[in-house]
Amino acid sequence: MPVDITWWGHATCTVEDSGVRLLTDPLFARRLAHLRRRRGPVPPPEAARADVVLVSHLHADHLHLPSLQRLAPGTRLLVPRGARRAVPGLARIAGLRGLAVTEVSPGDEVQVRGGVRVRAVSALHDGRRLPFGPQLAPALGYVVEGAARTYFAGDTGLFDTMAREVGPVDVALLPVGGWGPYLGPGHLDAGRAARAVAELAPAAAVPVHYGTYWPIGMDSVRPHEFHAPGEEFERRAGRLAPKVTVRVPAHGERVRLP
């Protein structure tokens, strides 16, 4: 049975598997601090409908408290272990909205329903709540195991044990860019994401985390880093992993994989 993926922009995706809706790193803002949404409409209300929400790490463009306020009461929220201590507003919003928060570490598995389960895996990324604060919670990726196995990498760089820890997957949702003209350590660009997909060897891959937000006033600074990563990933993956089907959806587009 295939899995349906809707990319809403940045790292926000809806994964539909076996009748279960899972939402990754919800970010529904038109503007976040110095960032402005430059491409794709703000996701519609239906984007906030989910059985389970997967939060990869504590950065404000991944754990975005105003976006979590749009979730329906009773929605289950998986977050890195230590997130409630590091982000006090998370517990407050969870209480107000009736969200069921579960903290997880790499290796933890959570049963959802209908035979679907979620497994947390490691990520190579700064997991702090920036711009301040100590390292209180790890950055994570997640593997959704249902009729298909879907890997959501969150934000990560390449690391030696990635393929072994993630295991066999059918679909990989991989970050290929960011929200500024330069990527720091702990990120995948199009080339490194293509190397990752070659190591993971899924049936299909979808590039995410690019082409959505950009710093205000910097539209003309390295614009190819905003526009090009999705197609560049498709081109590079075609060379390094020719058996992998790459889909590059538009904002709000739903694709069926594998």
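In this predicted model, Arg149 has a relative accessibility of 33% and therefore counts as partly exposed, since the partly exposed class lies between 20% and 50%. Its side chain meets that of Asp170 in a salt bridge, with an N to O distance of 3.6 Å. The two partners come from distant parts of the chain, for Arg149 belongs to strand β12 whereas Asp170 sits in the loop between α4 and β13, 21 residues apart.

**Salt bridges**

Side chains of opposite charge can pair when their charged atoms come close. The count for this model comes to 17 salt bridges, and three pairs that link distant parts of the chain are set out below.

| Pair | Closest N and O atoms | Separation in sequence |
|---|---|---|
| Asp51 and Arg113 | 3.3 Å | 62 residues |
| Arg117 and Glu145 | 2.8 Å | 28 residues |
| Asp170 and Arg149 | 3.6 Å | 21 residues |

In the pair of Asp51 and Arg113, both residues lie in loops, Asp51 between β5 (35-37) and β6 (52-54) and Arg113 between β9 (109-111) and β10 (117-122). Asp51 is partly exposed, with a relative accessible area of 28%, and Arg113 is likewise partly exposed, at 43%. The pair of Arg117 and Glu145 instead joins two strands, β10 and β11 (residues 140-145). Here Arg117 is partly exposed at 29%, while Glu145, with a relative accessible area of 12%, is buried because its value falls under 20%. Elsewhere, salt bridges that share partners join Asp4, Glu16, Arg21, Arg254 and Arg256 into one network.

**Pockets**

Rolling a probe the size of a water molecule over the atoms shows where empty space is left. The largest pocket has a volume of about 410 Å³. It is lined by 20 residues, and those closest to its centre are His34, Leu35, His59, Asp61 and Trp179. By residue class, this lining divides into ten nonpolar, eight polar and two charged residues.

The second largest pocket has a volume of about 240 Å³. Its lining is made up of 16 residues, of which Val176, Asp189, Ala190, Glu225 and Pro229 are the closest to the centre. Two or more lining residues come from each of the helices α5 (190-200), α6 (224-227) and α7 (229-240). The lining of this second pocket holds seven nonpolar, three polar and six charged residues.

**Helix α5 and its ends**

At the start of α5, a side-chain oxygen of Asp189 reaches to within 3.2 Å of the backbone nitrogen of Gly191; Asp189 is also among the residues closest to the centre of the second largest pocket. The buried residues of α5 are Ala190, Gly191, Ala193, Ala194, Ala196, Val197 and Leu200. These buried residues pack against β12 (149-152), α4 (162-166), β13 (171-175), β14 (204-208) and α7. Just after the helix, Ala201 takes a positive phi of about 55°. Ala201 belongs to the loop between α5 and β14, and with a relative accessible area of 51% it counts as exposed because that class begins over 50%.

**Backbone geometry elsewhere**

Most residues other than glycine have a negative phi, and most peptide bonds are trans. His10, in the loop between β1 and β2 (12-17), has a positive phi near 55°. His10 is buried, at 2% relative accessibility, whereas Ala201, which also has a phi near 55°, is exposed.

A cis peptide bond runs from Leu257 to Pro258, with omega near -5°, and Pro258 lies in the segment after β17 (253-257). Both Leu257 and Pro258 are in contact with Pro2, as is Arg256, when neighbours of Pro2 within four places in sequence are left aside. Pro2 itself is placed in the segment before β1 (3-9) and is partly exposed, with a relative accessible area of 31%.

**His125 and its contacts**

His125 lies in the loop between β10 and β11 and, at 13% relative accessibility, counts as buried. Apart from residues up to four places away in sequence, His125 touches His57, His59, Ala139, Asp155, Thr156, Gly186 and His187. One of these contacts, His59, is also among the residues closest to the centre of the largest pocket.

Definitions and conventions:
Residues numbered from 1 in each chain as written. Predicted model: local features only at pLDDT ≥ 70, side-chain atom pairs only at ≥ 80, totals over all residues. Heavy atoms only, no water. 1 Å grid on protein atoms, 1.4 Å probe; cavity = no way out; pocket = protein on both sides within 12 Å on 5 of 7 lines; lining within 4 Å. Points joined across faces, edges and corners; volume = space filled by probe spheres on them. Nonpolar A, V, L, I, M, F, W, Y, C, P; charged D, E, K, R; others polar. Helix = DSSP H or I, 4+ residues; strand = E, 2+ residues; numbered from the N terminus. Buried < 20%, exposed > 50% of the residue type's maximum accessible area, 1.4 Å probe, protein only. Contact = heavy atoms within 4.5 Å. Polar contact = N/O pair within 3.5 Å; in protein donor to acceptor, adjacent residues only side chain to side chain. Salt bridge = Lys/Arg side-chain N within 4 Å of Asp/Glu carboxyl O.
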